[in-house]
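Colleague: Hi! Could you walk me through this one? I'd like to hear about the empty spaces and then the helix packing.

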Amino acid sequence: MESSTPDGIERRWWKEGIVYQIYPRSFKDSDGDGIGDLRGIIEKLDYIASLGIDIVWLNPIYDSPNDDNGYDIRDYRAIMSEFGTMADFDELLAGMHERGIRLVMDLVLNHSSDEHPWFEASRSSRDNPFRDYYHWWPAEHGPPPYRWSYFDEKAEAWRYDEATDAYYLHYFSRKQPDLNWENPEVRRAIHDIVRFWLDKGVDGFRMDVVTFISKDLDWPALTDDDLKHRYGSVDWPQYYASGPRLHEFLQEMRREVLDRYDVVSVGEAAGVTLDQAVDLVAADRGELDMFFHFDAVSLGLSDVGYKQLDPAGWRLSDFKRVHSAWSDVFAERGWGSVYLGNHDQPRMVSRWASDSATHRDYAAKMLHTFLLTMRSTPYVYFGDEIGMANIRFDRIDDYRDLETINWYHLLEAEGKDADRYLEDWKITARDNGRTPFQWDETVNAGFTEGEPWIRVNPDHVSYNAAAQEDDPDSILNYFRRLVALRKGDPVFVYGDYTLLVPNDEQVFAYTRRLREEGILVLLNFSDTSADFDLSTDLPTDEVLINNYPDVDRVPDRIRLRPYQALVLAHA
Ligand code: TEU
């Protein structure tokens, strides 16, 4: 393989790879406790390989009291007992490598669990050697300046701790205290953890909220304007992601640890704006390889209510503008990622297209066509390959996610119309994306022999992997064809990206071009037919993939059917 493309872009395996994200708690339970586990993933390795993907990202599997399903780590070097043992992990990693699949681990380094021995020591006395592993505000200084918490019962990020008459900082739940990266001992300890997993042979890391690791230790009081959105707003992540030493900390980790291995690092980067993007991932800066932005998944959300929908909805023109801008920003330096769902998001087909009986299959295939033809590394969330949809819980008691539960109680306590939120959360809540994988039509979808930790979507009787396996027209088999298409031609990875018809509110159309080779992608994001005019220099007849049996074409236009996706070669 040449080491650079015709345009001089450096070729790397993580640019050419397709990532499949597995939420281990919900993938496959091997021992009947209702919780997915590592042996469950091992059982399904051949299925995973059959998708054609080449990288797996696993959500956290470390020892954890599970306040936030593993994002609260008690021991960074041990496996969560519900998930199995270190021997299971070693077998899983070897099984992946045997099949040519690389493994990316989730690393949660902004915070630990409050049950981590570091925090237990830190909170025990003001002069404990671990005191400075976390951020403390002594009570005699008066109440700490307000900071917002994503998951706190009162939306407050400073929590009073009686033992030492001081407050500790937690941007997430009370059980997720923020580590103090200013302390060089903390950074060294973190580097050791990263090295531990790299020496086991893992192929990289997805770094949880890594843009929040640096804080302004002067804790400036925020203006009224900053504070006006108590229920979450774009301002908070931007504020949290603007810490003064972020780039320095990332460069240090790269230099001290990551650069000695052939690995990928992908940061979760809430709050990073387009003009800051290249600085995080340009190869010559030695920070991250790519990151997840939040601009696209935030479309259509209201900024006055937490994960409440904007009644005006979202417009396709905005969706195109955002995804195009995030593709273009890395046209010369750096590299991007593209995703439509993950464990913090609802199911893509429910959020970005349609899960109605009529449209669901077309819609899911159309969205996959988008993901796998963009100029960024695609991240596919487990279950999306079979078109899994939101479960839409009616009752707060069905939810398992602390985020939804704590917000509900806060809203109730403040006399807000909590039932109205329940309606919106049928679309936006994280648990929609966390229901068990639907292996077959049997009770509990073949996920577990026991009682599942969260309800299985009743639609598994019609949407499951077993049924789709043998159907050549299934979402699953269409997805496999798309994967093969992307893997088979570098134009999909490295080709230039050009958006067409930016203002069309039904059709997302773009070309990709690498030297004399080009493709045209046409995606109808609407539930009615839509015309695309073929201008003079556009396509030949060669259809590379189509989610309908044929193309409705007259010389100067193509009529796309509802949610139709079409990729054409064009000379
Ligand atoms: O998410 C952090 C994050 O930035 C939030 O915006 C996230 O989208 C949250 O779910 C709001 O809905 C990461 C993890 O992906 C998430 O699962 C964890 O709960 C969180 O960090 C804390 O570790």
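Modeller: Happy to. Let's begin with helix α11, which gives the most to the lining of the largest cavity, with three residues. Keep in mind that this is a predicted model.

Colleague: Which elements give two or more residues to the lining of the largest cavity?

Modeller: Those are α11, residues 316-328, and β12, residues 337-339.

Colleague: And which residues line the largest cavity?

Modeller: The lining is made of F291, H293, H323, W326, S327, F330, G336, S337, V338, M374 and S376. By class, that lining has five nonpolar residues, six polar ones and no charged ones.

Colleague: How much space lies in the largest cavity?

Modeller: About 80 Å³.

Colleague: How many cavities does a search of the whole structure find?

Modeller: Five, counting those of 30 Å³ or more.

Colleague: OK, on to pockets. What volume does the second largest pocket have?

Modeller: Its volume is about 400 Å³. The lining of the second largest pocket consists of 25 residues.

Colleague: Where should I look to find its centre? Which residues lie nearest?

Modeller: Look for I9, K15, E332, R333 and G334, which lie nearest the centre of the second largest pocket. Two elements, α1 (13-16) and β14 (496-500), each supply at least two residues of its lining.

Colleague: How does the lining of the second largest pocket split by class?

Modeller: It has twelve charged, ten nonpolar and three polar residues. For the largest cavity, remember, there were no charged residues in the lining.

Colleague: Good, now helices. How do you describe two packed helices?

Modeller: By the angle between their axes and the distance between the axes.

Colleague: Let's try α14 and α15, then. At roughly what angle do their axes cross?

Modeller: The axes of α14 (residues 402-413) and α15 (residues 418-428) cross at roughly 155° and come within 9 Å. That angle makes α14 roughly antiparallel to α15, since angles over 145 degrees count that way. The crossing of α14 past α15 is right-handed.

Colleague: Which residues meet there?

Modeller: From α14 you have T404, W407, Y408, L411 and E412, and they meet A418, D419, Y421, L422 and W425 of α15. The residues of this contact include seven nonpolar, one polar and two charged.

Colleague: And α13 with α17: what is the angle there?

Modeller: Helix α13 (residues 360-371) and helix α17 (residues 475-488) pack at about 15°, with their axes 10 Å apart. So α13 is roughly parallel to α17. In passing α17, α13 makes a right-handed crossing.

Colleague: Which side chains should I click on for the contact?

Modeller: On α13, pick D361, A364, K365, H368, T369 and L371; on α17, pick I475, Y478, F479, L482 and R486. By class, the contact of α13 with α17 has six nonpolar, two polar and three charged residues.

Colleague: One more pair. How are α4 and α6 oriented to each other?

Modeller: Helix α4 (residues 86-98) and helix α6 (residues 184-200) have axes that cross at roughly 55° and come within 11 Å. The two helices are therefore oblique to each other.

Colleague: Which residues of α4 meet which residues of α6?

Modeller: M86, F89, D90 and L93 in α4 meet F196, W197 and K200 in α6. That contact divides into five nonpolar residues, two charged and no polar ones.

Colleague: Lovely, thanks!

Conventions: Residues are numbered from 1 along each chain as its sequence is written. This is a predicted model: local features need pLDDT of at least 70, side-chain atom pairs count only at pLDDT 80 or more; totals for chains, interfaces and linings use all residues. Side-chain values use heavy atoms; hydrogens and water are left out. Axes are lines fitted to C-alpha atoms, for helices over the stretch in contact, and angles run from 0 to 180 degrees between N-to-C directions. Helices (H or I, at least four residues) and strands (E, at least two) are DSSP runs, numbered from the N terminus. Angles under 35 degrees count as roughly parallel, over 145 as roughly antiparallel, 65 to 115 as roughly perpendicular and the rest as oblique. Contact means heavy atoms within 4.5 Å. Ala, Val, Leu, Ile, Met, Phe, Trp, Tyr, Cys and Pro count as nonpolar, Asp, Glu, Lys and Arg as charged, and the others, Gly among them, as polar. A crossing is left-handed if the near helix is turned anticlockwise from the far one by less than a right angle, and right-handed if clockwise. On a 1 Å grid over the protein atoms alone, a cavity is a set of points where a 1.4 Å probe fits but cannot get out, and a pocket is an open set with protein on both sides within 12 Å along at least five of seven lines; lining residues have an atom within 4 Å of a point. Grid points are joined across faces, edges and corners, and a volume is the space filled by probe spheres set on the points.
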